[in-house]
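Colleague: Could you take one part of this model and go through it closely for me, then set it beside the other local features that deserve a look? I would like the cut-offs stated as you go.

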Amino acid sequence: MSSAFSHGQTRRPPARPALRPGAVGKLPRVLLLLLCLAYILPGFVGRDPWRSDGLGFVLMWQMAQGRADWFDPVLYGVALHGSWLTHWLGAGSIQLLGGWIGPVLASRLPFMAALAASMWLTWSAAFHFARQDAAQPVPPAFGPPIAATDYARAIADGVLLTLLATLGLLGRGHEASTQVLQLVAVSAVLYGLSLYPRRPWKSAAVLAAAQTGLALTAAGWFVVLLGAVLAALLWPDVRRARGAALLAVAAGWCSGLAAEAVMGWPLRGQWPGLHTLGDFFRLGLWFTWPSWPLAAWGLWRWRESLRAWHLLPSAALALLALLSALTLGNNDKVFLLALPPLSILAGFALPVMRRAGLAAIDWFAVLFFSLLALGVWVMWLAMLVGWPPRPAANIARLAPGFTLHLDPLAVAVALLATAAWTAIVLWRTGRHRHPLWKGMVLSAGGVTLVWVLVGTLWMPVLNYASTYRQVGEDVARVVRSTDALSMHAAPACLQPSGIDLTTQALIGYWSRLDFAAAPAARCGYALGARPPQPAAHWRLLWHGGRPGERDEPLFLCQRLVPPAP
């Protein structure tokens with residue numbers, strides 16, 4: 001007869017961290033808010049629409065002008081289905097604020113608010129997950145117990161810092177695009193799940209709203225899969241026909257199926273091959289850094305508690321997002337949806353991580369981001385004074401004709417960010433107590449530093465090489481002067497010739513000229529990557545292009561022979 005202490009009957013208890021009271025020290029709210037603000041503003045402010053978000057912006061602008069339908073928008077004869085919520089928010093903001101701050105910045109305000117909301121919802125979800133009994137630390141043998149609220153706040157601070165430090169959020173998170181709204185929807189799903197054990201009806205309302213919003217961003221297929229995940233997570237209550245669980249699951253399936261029906265069921269997934277798997281790991285490793293190694297370590301250290309509520313929902317959503325990205329050919333837009341749940345899992349790795357591991361992350365952050373910041377300053381100096389000569393020559397080759405003018409405000413902001421980074425490094429390497437979030441301060445601060453430096457010192461040259469403003473203004477000037485000489489009173493029309501819809505949209509916005517909606521339109525002008533045919537029917541008026549696309553010039557031609565009726 002085996003005893004209760006025999007190997008066959010013992011069971012390892014769930015892992016719980018043992019912490020000192022200093023580990024739950026409070027991160028000052030003012031500093032955290034300033035860090036978030038410094039992260040959000042660069043990328044949204046101070047630049048024109050680029051190719052990455054230009055098509056969506058022009059459609060919002062045309063909707064706000066009443067030139068495109070809000071439910072079935074068409075741009076230059078091309079129907080742009082889906083992403084209703086994205087276009088509605090941008091167009092509505094342009095109508096309300098475009099006359100005061102300009103249509104470009106007005107269209108971005110809802111997405112700046114969405115990025116901020118995603119941060120807040122992720123922080124709140126981590127806070128409520130950490131208040132679960134299974135997530136709480138072991139009571140200390142000596143000294144006062146650690147308050148559950150203080151521990152949850154420290155975990156949530158670490159989660160938010162990890163989200164800010166994740167590299168994939170930088171580019172995709174700073175666009176006025178559908179992906180930012182999908183990001184905030186996934187964060188809201190996590191927030192709703194974190195509330196479920198304590199407040200099931202509020203949780204169901206949040207989950208229903210988040211899934212409906214996600215479906216309105218043309219992600220109905222993802223909402224359908226998410227509904228299946230929620231049904232599995234809430235299965236005990238679904239099986240008992242609890243109203244809150246049924247509402248959460250039914251709202252997702254109904255909204256997701258309705259969105260797919262309107263879109264025509266455009267399912268695009270495919271079984272990945274070896275090449276796709278290789279790309280998945282290459283892209284995913286840097287896109288989700290440093291969340292993924294911390295999340296993997298946290299799952300390993302909490303492996304006896306994987307079915308606990310503070311880990312299971314985040315792990316399920318992260319797995320769903322990663323597998324969805326894989327089946328869609330490693331789409332980085334879908335990878336973005338994995339960042340909030342991975343950050344929460346990474347946050348729970350902080351209380352069970354050895355000090356040597358956190359020190360390694362710190363030293364990597366100090367060296368990596370300090371060198372990046374130094375490189376940004378050196379390149380800015382080369383643009384300003386021409387020294388060092390090699391970086392100056394590279395910039396002149398990539399952005400011919402660009403001249404940098406000293407902007408005192410931008411330089412002051414960059415110097416302030418650099419000084420703040422120096423202070424953070426000195427504080428982190430000093431002899432202080434070790435709160436849970438301390439290990440991610442350098443990573444989040446380093447990412448924010450480089451982002452602020454790029455958004456202040458490099459933004460003029462990046463915008464110069466990426467904007468279509470000068471191209472549109474040149475085309476408009478040539479067309480209007482030609483019309484004035486020809487005494488044409490009718491509005492000018494451009495016939496596209498070998499250019500995509502995004503290029504047409506951006507040039508059309510800056511030139512205030514319309515492109516033909518049909519190939520057989522009787523336009524007096526043609527603009528494209530090649531002169532139209534037959535060549536004898538057209539006269540070349542202008543050729544040029546963006547400085548960043550010297551190998552892809554544009555040609556503006558005037559029609560000499562009227563088109564056949």
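Modeller: What follows starts with helix 16 and its two packing partners, and then turns to the cysteines, the cis peptide bonds, the positive phi values and one histidine.

This is a predicted model, in which local features need pLDDT of at least 70 and side-chain atom pairs count only at pLDDT 80 or more, while totals for chains, interfaces and linings use all residues. Residues are numbered from 1 along each chain as its sequence is written, and side-chain values use heavy atoms, with hydrogens and water left out.

Helix 16 covers residues 339-347, where helices (H or I, at least four residues) and strands (E, at least two) are DSSP runs numbered from the N terminus. Nine of the nine residues of helix 16 are buried, so this helix is largely enclosed by the rest of the structure; buried means under 20% relative accessible area, exposed over 50%, and partly exposed in between, with a 1.4 Å probe and protein chains only. The buried residues are L339, P340, P341, L342, S343, I344, L345, A346 and G347.

Two packed helices are described by the angle between their axes and the distance between the axes. Axes here are lines fitted to C-alpha atoms, for helices over the stretch in contact, and angles run from 0 to 180 degrees between N-to-C directions. Helix 14 (residues 312-327) packs against helix 16 at an angle of about 140 degrees, and their axes are 8 Å apart. That angle makes helix 14 oblique to helix 16, given that angles under 35 degrees count as roughly parallel, over 145 as roughly antiparallel, 65 to 115 as roughly perpendicular and the rest as oblique. The crossing of helix 14 and helix 16 is left-handed, a term used if the near helix is turned anticlockwise from the far one by less than a right angle, with right-handed used if clockwise. On the helix 14 side the contact (heavy atoms within 4.5 Å) involves S314, A315, L317 and A318, which meet P341, L342, I344 and L345 of helix 16. By class, the contact of helix 14 with helix 16 has seven nonpolar, one polar and no charged residues; Ala, Val, Leu, Ile, Met, Phe, Trp, Tyr, Cys and Pro count as nonpolar, Asp, Glu, Lys and Arg as charged, and the others, Gly among them, as polar.

The other partner is helix 5 (residues 148-165), whose axis comes within 8 Å of the axis of helix 16 and crosses it at roughly 135 degrees. Helix 5 is thereby oblique to helix 16, and the crossing of helix 5 and helix 16 is right-handed. From helix 5, I155, V159, T162 and L163 meet L339, P340, S343, I344, A346 and G347 in helix 16, and the residues of this contact divide into seven nonpolar, three polar and no charged. I344 takes part in the contact with helix 14 and also in the contact with helix 5.

Turning to the cysteines, the structure holds one disulfide, meaning a pair of cysteine sulfur atoms within 2.5 Å. This disulfide joins C493 to C523, with an S to S distance of 2.0 Å. C493 lies in strand 3 (residues 493-497) and C523 in the loop between strand 4 (514-515) and strand 5 (525-528), so the pair ties together parts that are 30 residues apart in sequence. C493 is partly exposed at 22% relative accessibility, whereas C523 is buried at 1%. The sulfur of C557 is 13 Å from the closest cysteine sulfur, in C523, which is too far for a bond, and C557 is buried, with a relative accessible area of 2%.

Next comes the backbone. Most residues other than glycine have a negative phi, and most peptide bonds are trans. The bond joining W289 and P290 is cis, with omega about 0 degrees, and P290 is placed in the loop between helix 12 (274-287) and helix 13 (291-301). The peptide bond from W387 to P388 is also cis, with omega near 5 degrees, and P388 lies in the loop between helix 17 (355-385) and helix 18 (389-398). A218 has a positive phi near 65 degrees and is partly exposed at 21%, while A241 has a positive phi of about 60 degrees and is exposed at 51%.

Finally, H87 lies in helix 3 (residues 84-101) and counts as buried at 10% relative accessibility. Leaving aside residues up to four places away in sequence, H87 touches G56, L59, M60, M63 and G82.
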